[in-house]
Amino acid sequence: MKVSTNTPVSALTTMRLGGDARYCITITTPSDLADAYAFAADKGLPTYILGGGSNVVGRDGGFDGVIMLNQLKSITAVSETSDQLLLRVGSGEDLDALVHFTVARDWCGIEALAAIPGTVGGAIMQNAGAYGQEIAQVLLGVDVYDTQTGEHVHLPTDDLALCYRRSIFNSDGPDSAKGRYFITAALLNLHKNELAGDLYGSLQDYLDKNDISDRRPQTICAAVTVIRGEKLPDPATTASSGSFFKNITIDQADIEPLRTQYPGIPIFLIGNCWEIASGWLIEQVGLKGQLIDGMRVSDKAALILINESAAGYDDLARARETIVAAVKERFGFTLQQEPEEL
Ligand code: EPU
């Protein structure tokens with residue numbers, strides 16, 4: 001267990017904003033956790049679990065607490081048959097590295113999650129999804145450290161209330177367990193099939209344009225990597241946290257009136273939720289590509305904000321306010337921020 005002091009949150013998060021965290025403890029083995037949480041309790045400080053920092057924005061005042069920096073890395077086959085693989089994966093593993101590990105062996109289940117920045121733990125916490133797949137579809141359960149009891153236990157997926165960008169780990173509802181558990185590992189169920197049924201629109205378009213008809217995991221992973229690369233900034237070179245706003249979820253009954261009022265409005269069924277593409281709403285109000293208070297609304301995908309020259313979190317907050325107000329005035333929907341705040 002390594003403890004550092006006054007660690008800039010801006011250096012640990014891909015949006016590159018935020019003041020210092022009082023302490024940062026690097027967790028490299030699950031047995032570090034008891035000591036790490038005892039350290040925080042002893043000092044009477046709050047804790048925050050951080051993975052790749054790709055979906056967290058830091059505030060200017062910093063974090064007067066203890067960041068638990070997740071570096072739990074391991075990929076172990078629990079069982080393998082000719083058509084099914086159970087993998088136990090350390091939650092600090094890089095999600096894209098895991099995707100490449102599985103597709104190289106021809107396993108199907110997470111190939112469309114290629115090139116999403118961040119860790120496996122982060123992906124579970126917010127049920128990461130892209131191009132028709134969600135981590136929920138392959139997750140059998142998680143190993144967690146329970147900070148209330150000090151025990152390491154297993155929680156089956158049914159207990160995690162996974163839905164669009166939500167789980168018990170990040171939601172405030174009645175089933176919230178925010179801050180209670182540290183996910184240490186994920187149990188994933190992969191299979192030898194290929195993606196079935198209708199593919200996500202832009203993925204199918206890409207395959208059609210490039211005359212690709214096979215759906216092998218490696219093929220899908222490569223296609224998604226190219227599609228994402230064209231739109232999503234690389235955190236290594238560009239400060240951003242991917243989609244900055246969630247899509248708007250609506251009831252099925254709202255679809256027809258919306259389509260009548262706004263011809264061309266993109267509405268999709270994702271999992272069991274109907275969603276309006278918020279990027280389209282932002283584009284319609286004329287903000288795509290604009291620089292607002294140092295934050296650039298990406299000219300490739302309007303849902304993405306890039307920290308081009310923000311002086312701090314307050315600039316981001318002002319840019320957010322401008323975008324939310326414009327969409328609200330024109331369409332009546334209130335955009336919700338996707339990244340968490342620290
Ligand atoms: N669109 C526009 N203008 C834009 C952006 C999008 O009109 O500027 C339209 C597109 O034409 C398309 C629709 O919106 O009809 C959907 O666009 P896209 O496929 O780019 O996906 P998205 O809704 O912008 C979501 C996720 C992404 C995920 C992609 C692919 C959310 C908040 N975002 O984006 O996730 O990669 O679908 O599945 O759910 C993330 O969460 O950080 C993220 C990148």
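How many bridges join β10 to β12, and do the two strands run parallel or antiparallel? In this predicted model, β10 and β12 are joined by 7 bridges and run antiparallel. Within this pairing, Leu139 stands opposite Leu188 of β12. A second antiparallel pairing links β10 to strand β11 (residues 151-156), this time through 6 bridges. Here Asp143 is found opposite His154 of β11. The hairpin made by β10 and β11 has 4 residues between its strands, and Gly150 adopts a positive phi near 75° in it. Strand β10 itself spans residues 139-146, and 7 of its 8 residues are buried, so the strand is largely enclosed by the rest of the structure.

These pairings belong to a wider arrangement. An open sheet of 5 strands runs in the order β6-β7-β12-β10-β11, with antiparallel pairing. Its edges are formed by β6 and β11, each of which pairs on one side only. From one strand to the next, the twist averages 20°. At the β6 end of the order, β6 and β7 are antiparallel and share 5 bridges; Thr76 has Arg88 in β7 as its bridge partner. Helix α3 packs on this sheet, where it touches β6, β7 and β12, and the direction of α3 makes about 155° with that of β7.

It is worth looking at α3 in its own right. Which residues of this helix are buried? In α3 (residues 95-104), they are Leu95, Leu98, Val99, Thr102 and Val103. These residues cover an arc of only 125° around the axis, which puts them on the same side of α3. The elements that cover them include three strands already met in the sheet, β6 (75-80), β7 (84-90) and β12 (181-191), together with the helices α4 (120-125) and α6 (217-231). After α3 comes Asp106, which has a positive phi, near 70°.

A further open sheet has 4 strands in the order β1-β2-β5-β3, and its pairing is mixed. Strands β1 (2-8) and β3 (47-50) stand at the edges with a single partner strand each, so one side of each is left without a neighbour in the sheet. On average, neighbouring strands of this sheet are turned by 30° against each other, direction ignored. The pairing of β3 with strand β5 (residues 63-70) is parallel and comprises 4 bridges, with Leu50 opposite Leu69 of β5. This sheet also carries a helix: α2 (residues 32-43) packs on it and touches β1, β2 (20-27), β3 and β5. The direction of α2 makes about 160° with that of β2.

Finally, the ligand. Which residues lie closest to it? It is surrounded by 24 residues, the closest being Tyr131, Tyr164, Lys231, Glu283 and Ala302. For Tyr164, a polar side-chain atom lies 2.8 Å from an oxygen atom of the ligand. The side chain of Tyr200 places an N or O atom 2.8 Å from an oxygen atom of the ligand. For Glu338, the distance between a side-chain N or O atom and an oxygen atom of the ligand is likewise 2.8 Å.

Key: Residues are numbered from 1 along each chain as its sequence is written. This is a predicted model: local features need pLDDT of at least 70, side-chain atom pairs count only at pLDDT 80 or more; totals for chains, interfaces and linings use all residues. Side-chain values use heavy atoms; hydrogens and water are left out. Buried means under 20% relative accessible area, exposed over 50%, partly exposed in between (1.4 Å probe, protein chains only). The arc is that of the directions from the helix axis to the C-beta atoms. Contact means heavy atoms within 4.5 Å. Two strands pair if DSSP finds at least two bridges between them. Axes are lines fitted to C-alpha atoms, for helices over the stretch in contact, and angles run from 0 to 180 degrees between N-to-C directions. A residue is near a molecule or strand if one of its heavy atoms lies within 4 Å of it. A polar contact is a pair of N or O atoms within 3.5 Å; within protein, one must be able to donate a hydrogen and the other to accept it, and residues adjacent in sequence count only if both atoms are side-chain atoms.
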